[in-house]
Amino acid sequence: MNVVLTKPWTVDQFLSWAARQEGSFEFVGRQAVGMTGGTARHNRITTNIHAALRSRLRGTPCSYYGPDLGVRTIGENVRFPDALITCIKFPDTERIAPGVVIVFEVLSADSGRRDRIEKVREYAAVASIRRYVIVESSSSGLLVLHRREGDAAFTALTLTGEDTLTLPEVGIEVPVAEFYDDVDFAEAAPTE
């Protein structure tokens with residue numbers, strides 16, 4: 001569901017409005033774009049990502065968040081990834097994360113184009129983002145887009161369930177299989 005705004009809102013006005021809504025929204029092209037609810041599989045994978053990040057980032061200067069903390073991308077756009085990592089301390093009252101270095105998006109049946117095309121362009125425009133991890137939900141596998149510097153193009157790397165995701169920006173490694181603990185692919189529907 002897209003909500004066309006009747007006047008040009010600022011990001012702060014959008015965030016204030018979105019906080020009062022029952023559903024989840026992103027702010028794209030001056031429109032509030034509704035995010036559909038995820039499946040149980042999507043939720044389990046997201047929970048596994050958070051558990052893996054939590055155990056490895058504890059005691060470091062970096063923290064993980066998501067999916068309720070936004071990332072400001074191109075222009076006024078605000079995206080809410082399934083998980084993100086920042087190494088900057090900021091007030092707990094913030095709705096936008098500063099200095100995001102890694103972003104995770106779990107694919108769903110309706111998010112393939114958005115996550116693989118639109119969000120790649122948007123996250124590439126954020127100089128602090130060094131790694132964008134696109135997590136498959138119909139089978140185990142990752143598409144990892146990474147770069148050394150904020151103005152460089154992303155380089156792609158694919159990983160399967162037998163591989164390990166290395167995140168040198170925050171000094172951790174996670175076996176890809178850990179993101180898929182207790183996930184049953186027997187009834188997996190294909191994603192775009």
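Lys and Arg are counted as positive and Asp and Glu as negative, while His and the chain ends are left out. On this basis, in the predicted model examined here, the protein carries 21 positive and 26 negative charges, and the mean positions of these two sets lie 6 Å apart.

The secondary structure of the protein consists of 3 helices and 13 strands. The radius of gyration is 16 Å, close to the 16 Å that the globule rule gives for 192 residues, so the protein is as compact as a globular protein of that length. Along its principal axes, the C-alpha trace extends over about 50 × 40 × 30 Å. Of the 192 residues, 45% count as buried, and the accessible surface comes to about 9,900 Å², of which carbon and sulfur atoms contribute 50%. Among the contacts with a separation of 6 or more, 53% are accounted for by residues 24 or more positions apart.

Helix α2 was considered in further detail. This helix comprises 18 residues (residues 40-57), which at 1.5 Å a residue should span 26 Å, and the distance of 25 Å between its end C-alpha atoms agrees with that expectation. The buried residues of α2 are R41, H42, I45, T46, N48, I49, H50, A52, L53 and L57. What covers these buried residues includes several strands, namely β4 (63-65), β7 (83-86), β8 (100-106), β9 (131-135), β12 (164-167) and β13 (172-175). Just after α2, G59 adopts a positive phi of about 85 degrees.

Technical notes:
Residues numbered from 1 in each chain as written. Predicted model: local features only at pLDDT ≥ 70, side-chain atom pairs only at ≥ 80, totals over all residues. Heavy atoms only, no water. Helix = DSSP H or I, 4+ residues; strand = E, 2+ residues; numbered from the N terminus. Expected span 1.5 Å × (residues − 1). Buried < 20%, exposed > 50% of the residue type's maximum accessible area, 1.4 Å probe, protein only. Contact = heavy atoms within 4.5 Å. Rg over C-alpha atoms; globule rule 2.2 N^0.38 Å. Areas by Shrake-Rupley, 256 points an atom, 1.4 Å probe, with all protein chains shown as cover. Charge placed at Lys NZ, Arg CZ, Asp CG, Glu CD.
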